[in-house]
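Let's walk through this model together, starting with the terms and the overall picture and then moving to individual helices and residues. Keep the structure open beside the text as you read.

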Amino acid sequence: MGAILEKVRRFAPFGAGGSGGGSTDSLKQLTDMFPMLEVETLQSVLEENDGDLEKTIEMFMPMCTAATREEHQKRPPSSKASKEAQDRPQSSYSRDVKELVQWAQSADVDVQFQAARALADLAMSEDQRQRIVRAGGISPLVKLLVDGEERPELQRCVVSAIANLALSEQNQVLLAEEGVVAPLISLAKKAMVEGYQDTEMQQNLARSLANLAYCNEEMEARVVEEGGLEPLIAWSRSNDEEARLEAVAALANLARNVKNQRKIVQREGVLKVLREALKRSEEEELLRQTARCIANISLNEENQVDLKESGVSAALVEAIPKASPEMQRLSAMALANLAAFESLQAQLTHEGALPVMFELLQGGSEDIELQAARCVALLSQNELAKAEIVRQGRLPHFIQLARTRTADMQILAATTLANLSTVKGVSASWS
């Protein structure tokens with residue numbers, strides 16, 4: 001089985017709704033829904049939409065979540081007075097992406113901040129990501145990242161914009177060509193020092209590295225080669241759950257790369273972090289990303305000794321019964337990858353993997369059942385596991401699976417039955 005390929009997406013679009021009405025009532029409704037936006041901005045957009053309240057709401061809704069997050073934060077001070085400062089936007093949002101890109105190149109730090117925040121919000125949308133790229137928005141954002149060392153609030157918005165732009169795979173290359181990796185990792189190393197308080201920056205940095213590395217072997221290798229593992233592993237231990245989640249998700253993406261799989265496991269404490277997340281966290285997304293990371297690192301044969309001694313397999317077995325279907329699928333996949341190592345088969349059997357897999361075979365989805373069947377087929381090479389399968393009376397079930405399911409399931413069931421045929425008293429014929 002190949003590695004798990006999942007893009008890390010952090011922003012979920014808000015639901016939209018509303019109905020038309022008088023202009024005064026419409027503006028009142030907009031100000032109630034979007035208190036973080038200037039009244040003049042809301043009125044201007046409403047007028048541009050010919051008083052269509054629903055259309056106006058739909059325009060602002062995709063930005064609502066991120067805008068609320070910035071609501072109580074001070075904007076960075078303007079570095080110097082200028083005509084641009086007098087003409088700067090009153091809101092972070094504009095329908096003209098080209099104008100926002102121009103503002104991002106302003107000499108005025110307030111204008112830069114407003115532009116970067118707006119571009120970060122707009123970049124949540126695939127269509128807007130394309131518009132930003134066509135308008136030449138990547139280069140000025142990377143320049144702001146490099147030049148904004150003394151302006152953390154600005155950098156936070158820029159990093160968020162980069163993370164969202166990197167959701168589009170074609171943008172990964174464009175961002176890399178503009179030299180985004182080195183300054184991102186440099187900033188990440190500064191943001192990992194003990195006592196650093198800006199957890200939102202840590203979240204955005206981890207998310208940027210995760211999205212840049214998604215399904216891109218060159219970027220997976222480059223992030224690690226340039227030092228990206230160190231801050232990500234530090235944040236995987238963070239007391240901030242969101243920062244921890246983003247870091248583990250980034251590690252899971254980087255673990256697609258065979259060389260990275262070993263490098264990640266060799267870092268002190270990583271497997272302990274993953275084990276403790278499985279045992280102690282109740283956050284579904286963190287559990288899912290943890291199982292995904294284990295599934296990927298367990299593809300590397302060089303990791304089997306460390307994995308055997310880490311306790312992650314027992315934690316996976318324990319987590320499955322109460323997990324969501326997606327978490328069950330990923331956990332079963334991770335256990336199946338581990339079961340491919342002969343040195344772990346007896347341990348997995350002792351830890352109770354087989355009864356859990358049997359339960360998944362009875363009531364899971366087709367994908368879950370396939371991973372469970374794969375795990376059992378691999379474990380059935382082990383004498384202890386063979387005896388356990390027979391003792392629990394599972395032979396009839398696998399005979400049925402070998403006759404009635406998909407071709408993949410038939411092969412796995414037949415493999416299990418063939419392995420069990422060496423057990424005394426078990427017939428070699430089931431056809």
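A residue is called buried when its relative accessible area is under 20%, exposed when it is over 50%, and partly exposed in between, using a 1.4 Å probe and protein chains only. D108 is a good place to try this out: its relative accessible area is 0%, so it is buried. Before going further, please note that this is a predicted model, in which local features need pLDDT of at least 70 and side-chain atom pairs count only at pLDDT 80 or more, while totals for chains, interfaces and linings use all residues. Residues are numbered from 1 along each chain as its sequence is written, and side-chain values use heavy atoms, with hydrogens and water left out.

Now for the whole protein. The fold has 27 helices and zero strands, where helices (H or I, at least four residues) and strands (E, at least two) are DSSP runs numbered from the N terminus. Of its 431 residues, 55% count as buried. A contact here means heavy atoms within 4.5 Å; among contacts with a separation of 6 or more, 72% are between residues 24 or more positions apart. About 19100 Å² of the protein is exposed, with carbon and sulfur atoms supplying 47% of that area, as computed by the Shrake-Rupley method with a 1.4 Å probe.

Back to D108, which sits in the loop between α5 (97–104) and α6 (109–122). A polar atom of the D108 side chain lies 3.1 Å from the backbone nitrogen of V111. Such a polar contact is a pair of N or O atoms within 3.5 Å; within protein, one must be able to donate a hydrogen and the other to accept it, and residues adjacent in sequence count only if both atoms are side-chain atoms. Following on into α6, you reach A120, which counts as buried at 4% relative accessibility. Leaving aside neighbours within four places in sequence, A120 is in contact with C157, S160, A161 and N164. The C-alpha atoms of A120 and A163 are 8.3 Å apart, with the two positions 43 residues apart in sequence.

Next, look at the loop between α12 (199–212) and α13 (217–225), where C215 is placed. C215 is not a glycine, and its phi is positive, near 55°. Most residues other than glycine have a negative phi. With a relative accessible area of 28%, C215 is partly exposed. What about other cysteines? C293 is buried, at 0% relative accessible area, and C375 is buried with a value of 0%. The structure holds zero disulfides, a disulfide being a pair of cysteine sulfur atoms within 2.5 Å.

Helix α25 (residues 383–391) deserves a slower look. Its residues A385, K386, E388 and I389 are buried. Viewed down the axis of α25, these buried residues fall within an arc of 165°, so they line one face of the helix; the arc is that of the directions from the helix axis to the C-beta atoms. E383 and R391, on the other side of α25, are exposed. The cover over the buried residues includes α22 (342–350), α23 (353–363), α24 (366–379) and α27 (407–420).

The ends of α25 are worth inspecting too. N382 caps the N-terminal end, with a side-chain oxygen 2.9 Å from the backbone nitrogen of L384. After the helix comes G393, whose phi is positive, near 70°. Within α25, K386 is buried, with a relative accessible area of 7%. The side chains of K386 and E383 are joined by a polar contact of 3.1 Å. Not counting residues up to four places away in sequence, K386 touches S380, Q381, N419, L420, T422 and V423.

Which aromatic rings pair up? Rings of Phe, Tyr and Trp (its six-membered ring) pair if their centres lie within 6.5 Å; planes under 30 degrees apart count as stacked, over 60 as edge-to-face and the rest as tilted. By this rule there is one aromatic pair. F358 and F398 form an edge-to-face pair, 6.4 Å centre to centre with 70° between the planes. F358 lies in α23 and F398 in α26 (residues 395–404), so the pair ties together parts that are 40 residues apart in sequence. F358 is buried, at 1% relative accessible area, and F398 is buried with a value of 1%.
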